[in-house]
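Trainee: I'd like to learn to read a protein model step by step. Could we go through one together?

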Amino acid sequence: MKNMFFNNKVYKANDVYGISRDLPLNYVKRQEVDQKLIENLDKSRHIVIYGSSKQGKTSLKKSCLKSDEYINIQCLNHWKLTDIHLAILKQAGYQTTQSVRQTASGKQKVAASFEGLVNFFGLAGSKGTISTDTEQQKTTETLLENFDVDPEDVNDIIACLNAIKFQKYIVLEDFHYLDIDIQRHFAVVLKAFHEASKFCFIIIGVWLEENRLIVHNGDLTGRVIAIDADKWTHRELMQVIDEGAKLLNISFTEHFKTTVIKESYESVYIVQEVCSQACHQEQVKETQSQFRTIGGSLLVHHLIKSVVNQQNGRYMSFINQFSEGFQDTQLEMYKWILYPILSLKLKELQQGLTYARIREELQSRHPQGKNLNPGNLTQALKSTSSLQVKKGIKPIIIDYDQTNRRLNVVDRGFLIWLANQNIPELLATVEYN
């Protein structure tokens, strides 16, 4: 039968709902997010995109930038500043090898060589010889560049990029995976990039702190614009569901949609996954030839629980590994930081736990009681992300906002998972006295 969808295209349900490597087919532009990013893509300031995990930060980048307008650097937890710099050069088109020369401090330099086409807009083309096409010759030139680079010196990196007329945005994904000292170091380097070049960085990280990079380096004030990609309104999530439904020539019942949104803790990932499972259960594998309304007979709570339980092993691993801390200590601070997370009401967790609230809980339960040194608690809270990265917990689940002194759950699925757990059993697992 003829497909009733308006453009006669047939879409796979798995390509509409759920996790996608590409920009989701039902991607919804948010006025306060997408528009803010577009308005600030003028290279006058660096851009930070932040929010909880799986809330659309990467999709935001893909929606607002064409693939040939940026280079993408995926940060790794063992990287140093030199690794970031060399990754930038590599993505820009340079070949790097160890040099026989040394820096002033005695460290080895890197030989960086570039051979490729560069157009007058500064975008490096593929390696090779110049085209014989007359128009192509008017807009491109072949460059051969060789440098001995100190990979720690931001000025050398800027010189290399200037030499090839580089003008793309430089995107650093998963910035939160870097060691906290490397984040601070790069925040200093970022100021140098701003003052000594026209290069613009887009930094993407999992945290809820608007001024994270400014905390690392106060000199970035006025040089960085922050985009909060975490917030999804009820209307926007409803639009995500409806836009996907249009592509499949279906609709979900109003009760299904409102219940999914209400119980998803504003997680667009949960909404997408639940809709995907609903389609699977209703045998909607692709765009329907006849319009259908689905979801009326489905138990939304069970679907959400099923989606979240897929992460059961990861969440239990987080609890066990985080409670162990970096090493055995008498105070067991990380074990006790978990206590209010596991025991307090979800509404409180959703808003974030203030430093005062955490201290109050620990003083009432920790073996040292009111004699617990506040400095020990502060230091442990500041290292919550570093501990998770060291333990290989990806994406991270909690993060401490130093500006507002607030511990946030940055994985909304974890909140839903907690709501379905036997809390006394979880507390017993961690062995609180």
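Trainee: Which residue has its backbone nitrogen 3.0 Å from a polar atom of the side chain of His-366?
Mentor: Happy to help! This is a predicted model, where local features need pLDDT of at least 70, side-chain atom pairs count only at pLDDT 80 or more, and totals for chains, interfaces and linings use all residues. Residues are numbered from 1 along each chain as its sequence is written, and side-chain values use heavy atoms, with hydrogens and water left out. At 3.0 Å from the side chain of His-366, the backbone nitrogen belongs to Gln-368.

Trainee: Is His-366 buried or exposed?
Mentor: Find His-366 in the loop between helix 16 (355-365) and helix 17; helices (H or I, at least four residues) and strands (E, at least two) are DSSP runs, numbered from the N terminus. Buried means under 20% relative accessible area, exposed over 50%, partly exposed in between (1.4 Å probe, protein chains only). His-366 has a relative accessible area of 6%, so it is buried.

Trainee: Which residues is His-366 in contact with, leaving aside its neighbours within four places in sequence?
Mentor: Contact means heavy atoms within 4.5 Å. With those sequence neighbours set aside, the contacts of His-366 are Leu-331, Met-333, Trp-336 and Leu-372.

Trainee: Now the sheet: which strands stand at the edges of the one with the order 11-13-12?
Mentor: This open sheet has three strands with antiparallel pairing; two strands pair if DSSP finds at least two bridges between them. The strands to look for each have a single partner strand, so one side of each is left without a neighbour in the sheet. They are strand 11 (353-354) and strand 12 (398-401).

Trainee: What is the bridge partner of Asp-401 in strand 13?
Mentor: Strand 12 and strand 13 (residues 406-409) pair in the antiparallel sense over four bridges. In strand 13, Asp-401 is partnered by Arg-406.

Trainee: Which helix gives the most to the lining of the largest pocket?
Mentor: A pocket is an open set of points on a 1 Å grid over the protein atoms alone, where a 1.4 Å probe fits, with protein on both sides within 12 Å along at least five of seven lines; lining residues have an atom within 4 Å of a point. Helix 3 (57-64), strand 2 (70-74), strand 7 (201-206) and helix 11 (268-281) each supply at least two lining residues. With five residues, the top contributor is helix 3.

Technical notes. Polar contact = N/O pair within 3.5 Å; in protein donor to acceptor, adjacent residues only side chain to side chain.
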